[in-house]
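Please open the model in a viewer and keep the selection tool at hand. The tour below proceeds stop by stop, stating at each what to select and what is found there.

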Amino acid sequence: MNKPIIGITMGDPASIGPEITVKALAKPEVYENCRPLVIGDSCMMEKAKKLVGHEEIRIHPVTDVKEALFTPGTIDVYEMNLVDADTLPIGQVSAEAGEAAFQYVKKVIELANADEIDGTVTNALNKEAINVAGHHFSGHTEIYAHYTGTKKYCMMLAHQNMRVTHVSTHVSLREACNRVKKDRVLDVIRMSHMACKDLGIENPRVAVAGLNPHCGENGLFGDEEIKEITPAIEAARAEGIDASGPFPPDSVFSKLRGGWYDIVVCMYHDQGHIPLKVVGFVYNQEAGKWDAVEGINLTLGLPIVRVSVDHGTAFDQAGTGMANELSLMNAIDYAIRLSRSRKARKAE
């Protein structure tokens with residue numbers, strides 16, 4: 001009973017979410033470390049278990065966390081009753097699927113806010129679908145921030161020893177440049193430092209990437225490093241954080257992978273996403289399939305634990321039973337570690 005309860009959203013029901021959830025929870029070892037509870041529709045999970053060849057799995061619908069069995073061979077589903085598996089178009093954007101995906105996320109946040117579960121894991125949703133359904137958020141991060149009342153937060157991606165955080169995410173590149181300000185960079189450095197400590201790194205080494213080529217070459221290609229980024233690093237160091245930089249973005253990630261640093265603070269979305277996905281997403285050209293789609297996405301700064309898969313809805317694979325569950329397995333593992341860390345901190 002000391003194992004954390006991890007709420008796992010099914011993601012967009014027309015996506016690969018239900019399939020990879022069955023694949024992940026078919027592994028008995030998951031239940032050795034946590035008590036998983038899927039937030040979604042049991043009819044989609046019933047359909048998914050047949051698609052992925054796990055018809056032996058029992059789908060157990062519940063309407064209260066206390067009703068869950070948390071037993072290997074059984075997948076507990078917090079029943080939302082939002083879609084019909086017989087009529088929902090698979091692999092397509094729809095308002096029906098977008099509404100369901102949004103409500104799954106809202107429910108898992110409610111359960112975490114009420115301390116009924118210890119951590120949350122999210123499968124992918126489709127931003128277009130949730131907006132068509134009338135929910136005008138740019139992604140999971142913003143939904144979590146809204147429903148937890150969080151003002152300062154950031155996105156973190158991780159795969160093996162590669163960890164990156166972002167000063168900005170889902171905005172235009174022009175707007176991203178405008179958001180590189182000292183106070184924001186400092187906040188992200190602080191959150192990056194704390195996230196590493198929560199993951200068991202005693203003395204985190206935080207590297208900070210520059211915004212411009214060659215970090216601006218002393219103002220020749222831009223002065224954000226001089227006016228905003230360096231002052232943030234100096235302020236963080238004054239607080240006792242081992243922060244350094246700014247470093248040229250074209251080389252700092254190789255040093256991260258080589259173990260020089262524990263995490264890199266990135267200035268915008270693609271600066272952090274590209275290196276993580278180059279390492280975590282491995283396509284086998286000869287076999288014509290993905291050997292690995294690994295990595296996870298965390299939202300830092302929240303009062304609750306939120307970890308997500310680091311891939312999209314993969315509508316092109318939905319319904320084939322071939323989608324890779326490794327990223328979801330990674331996300332569950334991180335949620336377990338962070339939930340335990342937070343519980344230990346509260347007990348101190």
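What covers the buried residues of H1? The model under inspection is a predicted one, and the tour begins with this helix.

**Stop 1: helix H1**

Select residues 17-25, which form helix H1. Of its 9 residues, 9 are buried, and the helix is mostly covered. The buried residues are Gly17, Pro18, Glu19, Ile20, Thr21, Val22, Lys23, Ala24 and Leu25. Now display the elements around them: the cover includes strand E1 (5-9), helix H2 (30-33), strand E2 (35-40), H3, strand E4 (74-79) and helix H12 (326-347).

**Stop 2: a salt bridge within helix H3**

From the cover of H1, move to H3 itself, residues 42-51. Select Glu46 and Lys49, whose side chains meet in a salt bridge with an N to O distance of 3.1 Å. The two residues are 3 apart in this helix, about one turn. Residues three or four places apart point the same way, because an α-helix has 3.6 residues a turn. Glu46 is partly exposed, with a relative accessible area of 29%, whereas Lys49 is buried, with a value of 10%.

**Stop 3: further salt bridges**

The structure holds 12 salt bridges. Select Glu175 and Arg179, where the closest N and O atoms are 2.9 Å apart. Both partners are partly exposed: Glu175 has a relative accessible area of 30% and Arg179 one of 39%.

Next, select Arg205 and Asp262, whose side chains form a salt bridge of 3.1 Å, N to O. Arg205 belongs to strand E8 (residues 205-209), while Asp262 lies in the loop between helix H10 (249-257) and strand E10 (263-266), so the pair ties together parts that are 57 residues apart in sequence. Arg205 is partly exposed at 30% relative accessibility; Asp262 is buried at 10%.

To see a network of salt bridges, select Lys152, Asp187, Arg190 and Glu239, which are linked in this way.

**Stop 4: Glu142, a buried acid**

Which side chain of opposite charge is nearest to Glu142? Select Glu142 in helix H6, residues 140-148. The nearest such side chain is that of Lys127, 7.3 Å away. A salt bridge requires a nitrogen of Lys or Arg within 4 Å of a carboxyl oxygen, and Glu142 has no salt bridge although it is buried. Its side chain does make a polar contact of 3.2 Å with the side chain of Ser138. Leaving out residues up to four places away in sequence, Glu142 touches Phe137, Tyr153, Thr169 and His170.

**Stop 5: aromatic pairs**

Phe137, one of the residues touched by Glu142, leads to the next selection. Show Phe102, Phe137 and Tyr147, which ring pairs link into a cluster. The structure holds 5 aromatic pairs. The rings of Trp260 and Tyr261 have centres 6.5 Å apart and planes at 55°, so this pair is tilted. Tyr261 counts as buried, at 12% relative accessibility.

**Stop 6: the nonpolar cores**

Which residues touch the most other members of the largest nonpolar core? Select Ile75, Ile189, Met267, Val307 and Ile332, which do so within a set of 99 residues. Helix H4 (residues 95-113) supplies the largest share of this core, 10 residues. Apart from it lies another core, of 15 residues, among them Met155, Leu157, Tyr261 and Leu276.

Centre the view on Met267 to inspect its surroundings. Beyond its neighbours within four places in sequence, Met267 is in contact with Val167, Ser168, Val180, Val185, Val208, Ala209, Gly210, Leu211 and Ile229.

**Stop 7: Thr165**

Finally, select Thr165 in strand E7, residues 162-166. Is Thr165 buried or exposed? Thr165 is buried, with a relative accessible area of 0%. Its side chain is joined to that of Ser192 by a polar contact of 2.7 Å. Not counting residues up to four places away in sequence, Thr165 touches Cys154, Met155, Met156, Val188, Ser192, Ile263, Val264, Val265, Cys266 and Leu300. Among these, Met155 was also listed as a member of the core of 15 residues.

Methods
Residues are numbered from 1 along each chain as its sequence is written. This is a predicted model: local features need pLDDT of at least 70, side-chain atom pairs count only at pLDDT 80 or more; totals for chains, interfaces and linings use all residues. Side-chain values use heavy atoms; hydrogens and water are left out. Helices (H or I, at least four residues) and strands (E, at least two) are DSSP runs, numbered from the N terminus. Buried means under 20% relative accessible area, exposed over 50%, partly exposed in between (1.4 Å probe, protein chains only). Lys and Arg count as positive and Asp and Glu as negative; His and the chain ends are not counted. A polar contact is a pair of N or O atoms within 3.5 Å; within protein, one must be able to donate a hydrogen and the other to accept it, and residues adjacent in sequence count only if both atoms are side-chain atoms. Contact means heavy atoms within 4.5 Å. A nonpolar core is a set of buried Ala, Val, Leu, Ile, Met, Phe, Trp, Tyr and Cys residues joined through side-chain atoms within 4.5 Å. Rings of Phe, Tyr and Trp (its six-membered ring) pair if their centres lie within 6.5 Å; planes under 30 degrees apart count as stacked, over 60 as edge-to-face and the rest as tilted.
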